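These are my notebook entries on a single protein chain. I set down what I looked up, entry by entry.

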Amino acid sequence: MRTTAEQQLITQVKPAKSLEEQLQILKNRGLVVEDDAEALKVLERSNYYRLRGYYIHLQNPDSDEFLPGVSLAQISGLHDFDNELRVLLLKLLLDVEIVARARIAYTIAQAWGAMGYRDIANYGEKCNADKFTELMDKIDQDLGNSRERFIKTYIKKYNGQFPIWVAVEVISFGELSKLYRLLPVEIRKTIAAAYDGLDETLFTNWIQCSAMLRNICAHNSRLYARSIPTPIKVEKVQEMRLSAITGACFKIRNQSLFSYLLALRRISVDKTWNSFLTEFDALLKKYDCYVEPIRLGLPYQWKQLLQNK
């Protein structure tokens, strides 16, 4: 039986609404709807609550009323823009991930050999033993669950001994980030230096943030008009360049997509970045009647700041 508290909680939850009722609620709040039939199709394809993330900034902050002129077409356009933006970012982030896997695996192998990543002694006295054990257990779990043919070969031929260059191809980007953060500072410096002399403290933050952004994109979470949970660090030289180009009026937000793009530009392969930038520019133009670039943290001079490499 449910407790009294549980029953009270259930009675507080709003009842389910039909698509027609959802549409009427939006119209009652002042949303411009030109075609009810088409509007119902939008609501059928996209969860009512999901769409709310794309219009909450278009409502009066003191009420649920929409600002004058806000339309369902505008909200649907923002939703579609965000979908296409995530696809573009995933292509960019997958390339960043592949390069990071290769450089981390190579540097560890050169320093410790094929299996040295399994020995906590290599990580130094400052390594957190609990985090190391947790990560190794997760790596073992991922390797055990993998259906890749090369994993089966290593189980059969090498008695389940997986060298670092095999392990990194199975673990998630998030786990790769955790592995990097556990490494001794000298090895982190070697890996970061491969990115044109990047400071290791920046790359430590950037690989973690890149993994988070990838997860946001892969799980179809909203990017438009939101703060990304983990703040990303901005390189000093970029801060100086920002100030010189935008002046004192623009303050970069380190949880904006723009700040993430500054970092991704720095660690992306030139060809991949240039292709992304071309497609990103085209996407903004495609939805320019709906999208406010500042909602992504983009200053007016964003093209100059994110220019081709």
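**Entry 1: Glu235**

I began with Glu235, which I located in the loop between α11 (200-218) and α12 (236-246). The model I am reading is a predicted one. Is Glu235 buried or exposed? I find a relative accessibility of 14% for Glu235, and because the limit for buried is under 20%, Glu235 counts as buried. I then listed the contacts of Glu235, setting aside neighbours within four places in sequence: Leu198, Leu202, Trp206 and Arg266.

**Entry 2: Other residues of the α11-α12 loop**

I stayed in the loop between α11 and α12, where I also found Thr230. Thr230 is buried, as its relative accessible area is 17%. Not counting residues up to four places away in sequence, I noted that Thr230 touches Cys209, Met212, Asn254, Gln255 and Tyr260.

Asn220 has its place in the loop between α11 and α12 as well. I looked up its backbone and found phi near 60°, a positive value in a residue other than glycine. Asn220 counts as partly exposed because its relative accessibility is 43%.

**Entry 3: Asp196 and the ring of Tyr195**

I next checked Asp196, which is not a glycine and yet has a positive phi of about 50°. Where is Asp196 found? I placed Asp196 in the loop between α10 (185-193) and α11. With 68% relative accessibility, Asp196 counts as exposed.

For Tyr195 I recorded a charge over the ring: the charged end of Arg103 sits there, 4.4 Å from the ring centre.

**Entry 4: Helix α9**

I turned to helix α9, residues 173-182, and asked how many of its 10 residues are buried. The count is seven, and I describe the helix as mostly covered. The buried residues in α9 are Phe173, Glu175, Leu176, Ser177, Leu179, Tyr180 and Leu182. I then looked for what covers these buried residues, and found that the cover includes α5 (72-112), α6 (129-145), α8 (164-167), α10 and α11.

**Entry 5: Val42**

I located Val42 in helix α3, residues 36-45. Val42 counts as buried because its relative accessibility is 8%. Beyond its neighbours within four places in sequence, I found Val42 in contact with Leu51, Leu72 and Ser76. For Val42 and Leu72 I also took the C-alpha to C-alpha distance, which is 8.8 Å, while the two residues are 30 apart in sequence.

**Entry 6: Aromatic pairs**

How many aromatic pairs does the count come to? I obtained 11 aromatic pairs. One of them joins Phe250 and Phe258, with 6.2 Å centre to centre and 75° between the planes, an edge-to-face pair. Both Phe250 and Phe258 are buried.

Another pair I examined is that of Phe276 and Phe280, which is stacked, at 5.5 Å centre to centre and 10° between the planes. Why are Phe276 and Phe280 separated by about one helical turn? The two residues are four apart in helix α14 (residues 270-286), and therefore about one helical turn separates them. An α-helix has 3.6 residues a turn, so residues three or four places apart point the same way. I noted that Phe276 and Phe280 are both buried.

I followed the ring pairs further and found that they link Phe276 and Phe280 with Trp273 and Trp302 into a cluster.

**Entry 7: The whole chain**

I closed with the totals. I counted 15 helices and zero strands in the protein. Taken along the principal axes, the C-alpha atoms fill a box of roughly 65 × 65 × 35 Å. The protein has 309 residues, of which 44% count as buried.

I looked at how the contacts are distributed along the sequence: of those with a separation of 6 or more, 68% are between residues 24 or more positions apart.

For the surface, I noted about 17000 Å² exposed by the protein, with carbon and sulfur atoms supplying 51% of it. For the charges, I counted 42 positive and 37 negative side chains. The centres of these two sets lie 3 Å apart.

Methods: Residues numbered from 1 in each chain as written. Predicted model: local features only at pLDDT ≥ 70, side-chain atom pairs only at ≥ 80, totals over all residues. Heavy atoms only, no water. Phe/Tyr/Trp six-rings, centres within 6.5 Å; stacked < 30°, edge-to-face > 60°. Buried < 20%, exposed > 50% of the residue type's maximum accessible area, 1.4 Å probe, protein only. Lys NZ or Arg CZ within 6 Å of the ring centre and 35° of its normal. Contact = heavy atoms within 4.5 Å. Areas by Shrake-Rupley, 256 points an atom, 1.4 Å probe, with all protein chains shown as cover. Lys, Arg positive; Asp, Glu negative; His and termini not counted. Charge placed at Lys NZ, Arg CZ, Asp CG, Glu CD.
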